[in-house]
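Me: Please take a close look at one helix-to-helix contact between two chains. I would like the geometry, the residues and the charged pairs in one account.

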Amino acid sequence: MDISTTIAAILTLAIYSFLYRDNPVYKTAEHILLGVSVGYFVVITISNTIIPKLIIPLFVDGELIYIIPALLGIAMLLRVTKQFSHISRIPLALIIGVGAGIAIPAYMQAHLIAQMKATMLPLSNISNIVIIIAVLSVLVYFFFSRKHEGAFGVTAKAGIYFLMIFFGSTFGYTVMARISLLIGRIQFLLGDWLGIIR
Amino acid sequence: MTDKVLYIHKPFLILLILTLIPFSAQAAIDTYDTPNDGGNSITVTWGGEVIAQSRDKFTSLDIQRQKVAESAGWETAAVLPVTDSVFVDDSVKDNIPYKYRIVFSAPEGEALIFESEPVKSSPQFFNTKRLNVLIGVIICCVILFYYIYESRKGKKFYLRPIGGLQAIDDAVGRATEMGKPILYSAGRGKMQRVATIASMNVLSSVATKTAEYNTPLIFPNSEPVVAAVAQEVVYEAYLKAGHPDRYNPDDVFYLTDSQFGYAAAVDGIMVRRKPATNLFIGTFEAESLILAETGNSIGAIQIAGTDSTIQLAFFIVACDYFLIGEEYFAASGYLSKDPMVLGSLKGQDWLKIIVGGAIILGAVLETAGIGFFSKLFGIG
């Protein structure tokens, strides 16, 4: 058993102590986790983004176009000043505008057109028929500009039942995955750390 | 398209490369800029009678390339099974001419070489395989703009009540009465995500109310850019409500990118500051149940909305109210009563009719054995 395993085990138990109540041991582990993770991400950002994607192209390869993202990055840092913090809105607007521009067609492709194609199934078996009925009734449930009454309401109600069946099965499936994570942690504590189990 | 083929033995390889014998009628190597891509890619294909006859004889196939301008030596781009007939080279630079050759070789030393003409790669402006996405976006835009225009002209649209959204007003009021803060979390999505953008719209409406009621709004973030945008959104909302003095920038802050570091810290904030209301509106992953369970344990009223269908199941179990799927995207329209958003909701309903109709038509045609309609929705 090495020292890193012992530290990991103690921190695991410290986090689990929250199950009883908030306490100084949990607070310590929480602050260590936060501090270490922020430090880690700062280093990752410098080594994986700032150096290879800004410093090297700009100062080593001499690609002057990289001055633009450098200036935008500096503009973002101006948030910490009171006088010039408004300048940070320029890179923020750019991030949101470009991000939305990229995300919306991708969303349209993955969440609408591909899903529509996947639902255009031949009505040749019960499974396909159920899928199409479920999709259409769920679509009806998400109608906002019409009251859910009469046949429309019945269809919408069927839609919410289909949704709940989906959520129930997802819940059960995911809980099983979480239990396997718990088992992994218990194996770490009892096996890797204490050596009680193999 | 070419063109040159050799039967040689390895000791004479270099010498004989210089005297390649053309067999264009029997074998061909074709190189071209990979279509519909962002550049940096050349496709190499080969086939023909000579290659087909030789596949049984050779055991190794090397794809080699050379930068024409530098007159550099040949470098191996890939080693493939002899049965392959296509190679996509994604490691080239744009606008630089490359020559390719494919080298079939046998253990005894016999080799067969085909060499291509120079070819350059370049990015394409438009991916023609995604024309259907463009058409879809145009249809959506036309319908949405029409209803936004109608709404701005003053036309009123009926919107059915949504429980989770009506509860937001009550939840803010409850926090005010109890003298406790409201905790808002947008989860772990980046600013570019549609769900995070929608979350900022809801945040604006919630912040306007907390500004009016002078209720503290705590917003811990796991993304620095989202934190910066959220600070702007909340400050704007306080300004709009006429109470910029009530805005506390320290209440909208960045924690960490780490998923469970974020969950641990938000849990700590919940048990220490005991918010009366928790709003989980955004993109959530495995931390959803950890947050919602802790919020439940401190007795906070909880409202959740996310586009992640897997995490919604956990929110349904642990929260008092939840917004499913598009209810979440409709939330900002409901809360702000902004005619632009209300008009877009009406337009979205028409889009659902079109989508439903297309699905029914596609299914009927598929049943009849006609597949062309569903193929229109295929994406390359």
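The reply below follows that contact from axes to side chains.

Reply: This is a predicted model. Start with the axes. Helix H4 of chain A spans residues 89–119, and helix H6 of chain B spans residues 224–240. Their axes come within 11 Å and cross at roughly 110 degrees. Angles of 65 to 115 degrees count as roughly perpendicular, so H4(A) is roughly perpendicular to H6(B).

Now the residues. H4(A) brings Arg89(A), Leu92(A), Ile95(A) and Ile96(A) to the contact. From H6(B), these meet Val225(B), Ala228(B), Val229(B), Glu232(B) and Glu236(B). By class, the contact residues of H4(A) and H6(B) are six nonpolar and three charged, with no polar ones.

Next, the charges. Glu236(B) and Arg89(A) form a salt bridge through their side chains, at 3.3 Å from N to O. This pair crosses between chains, running from H6 of chain B to H4 of chain A. Neither end is hidden or fully open: Glu236(B) has 37% relative accessibility and counts as partly exposed. Arg89(A), at 38%, is likewise partly exposed. The pair also belongs to a wider set. Arg79(A), Arg89(A), Glu232(B) and Glu236(B) are linked in a network of salt bridges. Over all chains, the structure holds 17 salt bridges.

In short, six nonpolar and three charged residues make up this contact, and a salt bridge joins Arg89(A) to Glu236(B).

How values were computed:
Residues numbered from 1 in each chain as written. Chains lettered and ligands numbered in written order. Predicted model: local features only at pLDDT ≥ 70, side-chain atom pairs only at ≥ 80, totals over all residues. Heavy atoms only, no water. Axes fitted to C-alpha atoms, helices over the stretch in contact; angles between N-to-C directions. Helix = DSSP H or I, 4+ residues; strand = E, 2+ residues; numbered from the N terminus. Parallel < 35°, antiparallel > 145°, perpendicular 65-115°, else oblique. Contact = heavy atoms within 4.5 Å. Nonpolar A, V, L, I, M, F, W, Y, C, P; charged D, E, K, R; others polar. Salt bridge = Lys/Arg side-chain N within 4 Å of Asp/Glu carboxyl O. Buried < 20%, exposed > 50% of the residue type's maximum accessible area, 1.4 Å probe, protein only.
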